[in-house]
Amino acid sequence: MKYTRIARLAGLLGASLTGTEALAGRPLVTEDAAVLEARDCEWESAAVWTSRRGQPRISDQATQLGCGIGFDTQIALAAGRSRSDGANARSLSLSGKTALRDGGEQGTALTLAWGIVGSQPAGARLRQELTFLNLAASQPLPQGVTGHANLGVTHSRSERSSRVSWNLALEWAQLPGLDWMGEVYGAERDKPWLGLGWRWTPGRDWSLNSSWATQYQTPRARLFSFGIKLAF
């Protein structure tokens, strides 16, 4: 497998796991505007399986530790591994979020998220693959619903190009400890993804989550993810 192909595997999927998706309110790919308070931390691990008809399935696992550092900012370090058709690659990312506007209980909150993702195909050295910048907005709505919107740009070093991305999501706190969510997201030159997910919080400091998504592109792609988060 050529370097650019495996770099894209580790980089593009790794970006969603170890960058924006992990820092978002999993299992959403859409970023939320919440930022950890100073000295609050979260450990999170997730697995994602992506399949496209007629092509090898891709499995991606990642683990991340993020902490609030004050100044309305949090940072996170994540490591991931991608496998597909006998090939594998590792990824390492540094990402962060800084709150630009506190919306309070009713207003719109704004946050700037950023990240750097490196990929390391088997037998090669680690090199920078992706950088991204993302503006995230969150707005409380009636009936326990929260809306999220993103507008971002991602630059791929191997492809020597940048792409604009967008995300829209709704999150519904139906019952104490159980949240349902749906989202649509995409990037220029690609068909959009449609996703559904849930998050269960049985204890004060930990939660489980899962998601399913499909991309309306030929051949159609499908994605399934499962994750766990521990706050401390």
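## Notebook: a 12-stranded barrel

I started with one strand pair: β4 and strand β5 (residues 109–121) are antiparallel partners, paired over 12 bridges. Within this pair I found Ser95 opposite Gly115 in β5. I note here that the model is a predicted one.

**Entry: overall fold.** I counted the secondary structure next and got one helix and 12 strands. Along the sequence I read the pattern α-β-β-β-β-β-β-β-β-β-β-β-β. I then followed the strand pairing, which gives a closed barrel of 12 strands in the order β1-β2-β3-β4-β5-β6-β7-β8-β9-β10-β11-β12, with antiparallel pairing. Neighbouring strands of this sheet are turned against each other by 20° on average, with direction ignored. For reference I wrote down that strands of a sheet pair through backbone hydrogen bonds, either parallel or antiparallel.

**Entry: closure.** Which strand does β1 pair with over 11 bridges? I looked up strand β1 (residues 41–52) and found strand β12 (residues 221–231) as its antiparallel partner. One residue pair I picked out here is Glu42, whose bridge partner in β12 is Ala231.

I then looked at the other pairing of β12 listed in my notes. β11 and β12 pair in the antiparallel sense over 10 bridges. The bridge partner of Gln215 in β12 is Ala221. Five residues make up the link in the hairpin that joins β11 to β12.

**Entry: β3 and β4.** I went back to β4 and checked its pairing with β3. The two are antiparallel, with 12 bridges between them. Ala78 stands opposite Ser93 in β4. The two strands form a hairpin with two residues between them, and Asp85 in the turn has a positive phi of about 55°.

I stayed with this turn to look at Gly86, which lies in the loop between β3 (73–84) and β4 (87–101). Is Gly86 buried or exposed? I found a relative accessible area of 82% for Gly86, so this residue counts as exposed. I also took a C-alpha to C-alpha distance from Gly86 to Pro56: the two are 30 residues apart in sequence and 9.4 Å apart in space.

**Entry: Leu130.** I chose Leu130 as a residue to set beside Gly86. Leu130 sits in strand β6 (residues 127–141). Its relative accessibility is 1%, so Leu130 counts as buried. From Leu130 to Arg157 I found 6.2 Å in space, C-alpha to C-alpha, across 27 residues of sequence.

**Entry: β8 and β9.** I looked up strand β8 (residues 161–175) and found it joined to β9 by 10 bridges, the two strands running antiparallel. I noted a pair of tryptophans here: Trp172 has Trp180 as its bridge partner in β9.

**Entry: cavities.** How many cavities of 30 Å³ or more does the structure hold? I found two. The largest has a volume of about 70 Å³. Its lining takes in 13 residues, and the closest to its centre are Pro27, Glu183, Gly195, Leu196 and Ser211. The elements that give two or more residues to this lining are β9 (178–187), β10 (193–203) and β11 (206–215). By class, I counted nine nonpolar, three polar and one charged residues in the lining of the largest cavity.

**Entry: second largest pocket.** I also looked at the second largest pocket, which holds about 940 Å³ of space. Its lining has 44 residues, and those nearest its centre are Asp32, Ala33, Ala34, Val35 and Leu36. The classes in this pocket lining are 14 nonpolar, 16 polar and 14 charged.

**Entry: chain totals.** I ended with two figures for the whole chain. Of its 232 residues, 45% count as buried. Among contacts between residues at least 6 apart in sequence, 48% join residues at least 24 apart.

Terms used. Residues are numbered from 1 along each chain as its sequence is written. This is a predicted model: local features need pLDDT of at least 70, side-chain atom pairs count only at pLDDT 80 or more; totals for chains, interfaces and linings use all residues. Side-chain values use heavy atoms; hydrogens and water are left out. On a 1 Å grid over the protein atoms alone, a cavity is a set of points where a 1.4 Å probe fits but cannot get out, and a pocket is an open set with protein on both sides within 12 Å along at least five of seven lines; lining residues have an atom within 4 Å of a point. Grid points are joined across faces, edges and corners, and a volume is the space filled by probe spheres set on the points. Helices (H or I, at least four residues) and strands (E, at least two) are DSSP runs, numbered from the N terminus. Ala, Val, Leu, Ile, Met, Phe, Trp, Tyr, Cys and Pro count as nonpolar, Asp, Glu, Lys and Arg as charged, and the others, Gly among them, as polar. Buried means under 20% relative accessible area, exposed over 50%, partly exposed in between (1.4 Å probe, protein chains only). Two strands pair if DSSP finds at least two bridges between them. Axes are lines fitted to C-alpha atoms, for helices over the stretch in contact, and angles run from 0 to 180 degrees between N-to-C directions. Contact means heavy atoms within 4.5 Å.
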